[in-house]
Amino acid sequence: MVRTSFRAAALSTVASLTLLTGSGAAFARVQSDPGARGSDIASTSEVAVDFDIAEQALQTALIEFARQSGQSLLYSPDLVEGHTANAVRGRMTPTLALSRLVSGADLDMQRSASGAILLRQSAALEARQTPASEPTDPAPSRPEGAASESLIEANAQAEPDVPSIDTITVTGTSIRGVTPESSPLDIYSREDFQRLGVLTTDQLLRAIPQNINTTSSIGGLAVSRELNARSVNAVDLRGLGAGSTLTLLNGRRLPLADVGETADASLIPLGAVERVEVLTDGASSIYGADAVAGVVNFVLRDDFEGAETSVSYTTRGDGGYSAGQFDQVLGTSWSGGGAIASLSAATSGPFLTDEVYFSNTPDTYLAPLDQRYSAFVSARQDLGASAEVFADILYSDRRTKSSTREDGFFQATSLSNTQTEQVVATFGGRIQPVRDWQFELLATYGDYTNNLNIVRFFDDGRMRETDGAQDFSSLEVTGKLDGTLVSLASGEVGFALGGGYLEQELGFGPMRADRATSYAFGELAVPLISRDMALPLVQRLELNLSGRYTDTTDFGDSFDPKVGVLWAINDELKLRGTYGQAFRAPTLPDLIPSETSYVILPVSGPLGSFPDPFSNDQSTVYYVVGPISNPDLGPETSEAFTLGFDFAPAWMDGLTLSSSYFNIDYTDRIAQPPDAFEIAADPEIYFDLITDEVSPEIIAATLPGAIGVYDARDDTYSTTLDADAIAADVTHIIYNGLTNIASQQTSGFDVSLDYSAPASFGTWNVGATFTYMLENKERISAGAPVVERVGTLTYPVEFRGRLNAGFQHGGWSSQLQLNYVDSYSNTSVTPAEPVDRWVTVDLITGFSFAERHGDLLSGLRVGLNVRNLFNEDPPFARSNSASTIGTDLGVNYDPTNADPFGRLFTLSLSKEW
């Protein structure tokens, strides 16, 4: 994982590949981090810089060089493909460091008039490749295999006619080339996937400490806050609910699964992903609804040339479970454009309770039979020197089978089958009308369909089959203009301004619902103080301001601002903070009026006696209105702030320490109140759900959702609904349906530490990342008591984290990882029972063959991972036999905080061609 404040800054300024007009060669530009140490990139005078660059792929090393030196690079990706950089450590000039870095790659360096360093094929190599009949220019003398250490001042013709090259946009900002350093942002690269030993999106989500696995196909029907019969895998940062985290694909919204609740991240093949960006503070000012807890953005690969084949096989040490995966990536480029395609196939499971001792229920799958197929294609084409069009499409197909035994309300075995298809397609274009301003217009279409078939076999011989089909489609059109607004003495002020339109439609059985959303947004990145001002204790002071106005057709409008501040004291210490407001829209099913039966409930009658604070003679009669949905719902809202620091001390080279405090106040949450009997039993606590405003007009407004009224006074049921008669008989109304009544407040700390150091036999690294929860308090209504959820079943534990230690030498890499989940309380049983902490160790090893091993082995990587090395079973968490439908009875573990597999072995092979 890369913390944005240290190493992701380089990523944020990596230029996208383009084809230079008239040159016929593809070039990549790596621009410097404005806050990096080193000389000005436009100056040829050099100052010595402290470098710490490990032996790694040359492409990655060049990005790290740009970050550490402050230099800009321009080169052809073909020239560095397949090359390994030499390790460079110590204090030296950028020229010397770069020369040592690329030594052996047959490259010459040249300084352009703009100050960028051009890497070109060496003149000596060109001479060797040029036929003898062709004249050649004399090459400067230099040792064989070493890059030239003299940078030649180039005239205007020395640098090709490069158009302004588009830089990438990092999650948390709308401005290109800007890293939102004030926000807590973690970036997981493909190297991190290998280091963590993850091969699927599901595995990566489980490796993110801030994510709680409340919605996962592993234990999809086990003890959980949400029924997950469709085996959805969703992100749930901070445990605020899966719908409170926004999941993006290339910065664009995905269609929603789980009946319009949340996106299904498992439909994204990890083999097609370049990196995953995790923003852990509210971001509705940038992305709109559902970004209360944060944003997870899956960025797909778009700059690969050649072919890469990957296969893996996983098996359980004790047998009974296996998984296999195949990924194929192809990439190419042509004059003015390029394309990449990816194919992925994976299968896993099933995993039955018969294979473990902690579960005593038969006919139940702990993990489903899961088959997934996906294809991804992306292409781009330049239109002249300052315009580009692009398109990409991702198709996924997933099928699952599972079995569940029910011994609660029913004695039955249920067989479930799901079939899911998802398509996400984007077409867009970019143009640079003036200076570095860029206008981007894109349209994204998404379609998600899921069919769920459940066959329930009752013990008494009955059988019942049900089918549930869901489809969700979306179309979004967005336009954005961004670039440099004005140049100040402290630096350039970046801006973004745009708007768009989003249509969403849900179909669930006979139910149809749709929503249209219009929005406008703006953002400023303002450097207040720069290092050139030479102020004490303030090397850099930067301000980020953003806001978004959203207007919907069904629940109203919202304006959500955010402010972020970065204060860099020096090269070693940065302080940061953010404050923002965010919102989550009601789901479409929440807003659709549903048919149900209402109740007339006296405080004293056949169903029992209840306290009556409203009369002296027990004469109160309630009219209970309890629709499952509510067309009058408003958005859930939140306020969040973060405070953090990033520390990289010069006295301990290779050490980085980051920490963030987060506090989220989540109000107006949509919730189903307690049942009418609980409300009637304690009317003083639930005062906000009871009203004495009763009239025929008010009663008539509730009747369109009623199919009948049950009168508990005389145990009768009537489908003849008379508003005047009901109003005359009742004194108070209990509103027992979905409403904006709940609140939740959560706070805690995220901490990340990394240290790497060279040794005579390689490079060692150690690290730690963990989340410590201070609180997660819930209140079901304004008068209800506050309940602390930290350390209770299906909610965040107090402490969750990971320790790692490893080394790299040559092509070898090895990593030991200790995973820790704190103990907590099982509150689903009475009395509550303790659940032990879960500590596991993973071993991740691999060897990458360098080019010198020959064509067959060149680009080959072999990996062997052992997950849960010591075969620790998940902690025992008793299932409640009196629980409601949707709880596996007798599974006896908590899939939110553990998995049931025990020791797993994974062998993986990948080969670049």
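Asp-363 sits in the loop that runs between strand S19 (351-352) and strand S20 (365-367). In this predicted model, its relative accessible area is 45%, so Asp-363 counts as partly exposed. Asp-363 also has company: together with Asp-318, Asp-354 and Glu-355, it makes up a negative patch on the surface.

From a charged patch, let us turn to a nonpolar one. Ile-431, Phe-439, Leu-441, Tyr-445, Leu-475 and Val-477 come together on the surface, and their joint accessible area is about 490 Å². Two elements each supply two or more of these residues, namely strand S24 (438-458) and strand S25 (463-488). Which element gives the most to the nonpolar patch? That is S24, with 3 residues. Leu-475, for its part, belongs to strand S25. Its relative accessibility is 39%, and because the partly exposed class runs from 20% to 50%, Leu-475 is placed in that class.

Now for the salt bridges, where a bit of chemistry helps. Side chains of opposite charge can pair when their charged atoms come close. Searching the whole structure turns up 35 salt bridges. A good one to look at first joins the side chains of Glu-308 and Arg-190, with 3.8 Å from N to O. This pair connects distant parts of the chain, since Glu-308 is in strand S16 (residues 306-316) while Arg-190 is in helix H6 (residues 190-196), 118 residues apart. Are the two partners buried or exposed? Glu-308 is buried, at a relative accessible area of 10%, whereas Arg-190 is partly exposed, at 22%.

Another salt bridge pairs Asp-729 with Arg-713, and here the closest N and O atoms are 3.3 Å apart. Asp-729 is part of helix H12 (residues 723-729), and Arg-713 is in the loop between strand S38 (706-711) and strand S39 (716-718); the pair therefore ties together parts that lie 16 residues apart in sequence. Asp-729 is partly exposed, with a relative accessible area of 37%. Arg-713 is partly exposed as well, with a value of 33%.

Further along, the side chains of Lys-777 and Glu-775 form a salt bridge with an N to O distance of 3.5 Å. Lys-777 is partly exposed, its relative accessible area being 35%, but Glu-775 is buried, at 13%. Salt bridges can also be linked to one another in this model: Asp-202, Asp-264, Asp-370, Arg-372 and Arg-398 belong to a network of them.

Finally, take a look at helix H2 (residues 58-69). Its geometry lends itself to a quick check: at 1.5 Å a residue, the 12 residues should span 16 Å, and the end C-alpha atoms are indeed 16 Å apart, so the two values agree. Why can H2 be called largely enclosed by the rest of the structure? The reason is that 10 of its 12 residues are buried. Among them are nonpolar side chains such as Leu-58, Leu-62, Ile-63 and Phe-65, and also Glu-64, Arg-67 and Gln-68. Just after H2 comes Gly-70, which has a positive phi, near 80°.

Conventions
Residues numbered from 1 in each chain as written. Predicted model: local features only at pLDDT ≥ 70, side-chain atom pairs only at ≥ 80, totals over all residues. Heavy atoms only, no water. Patch = residues over 30% accessible without salt bridge, like charges linked within 9 Å, V, L, I, M, F, W, Y side chains within 5 Å. Areas by Shrake-Rupley, 256 points an atom, 1.4 Å probe, with all protein chains shown as cover. Salt bridge = Lys/Arg side-chain N within 4 Å of Asp/Glu carboxyl O. Helix = DSSP H or I, 4+ residues; strand = E, 2+ residues; numbered from the N terminus. Buried < 20%, exposed > 50% of the residue type's maximum accessible area, 1.4 Å probe, protein only. Expected span 1.5 Å × (residues − 1). Lys, Arg positive; Asp, Glu negative; His and termini not counted. Charge placed at Lys NZ, Arg CZ, Asp CG, Glu CD.
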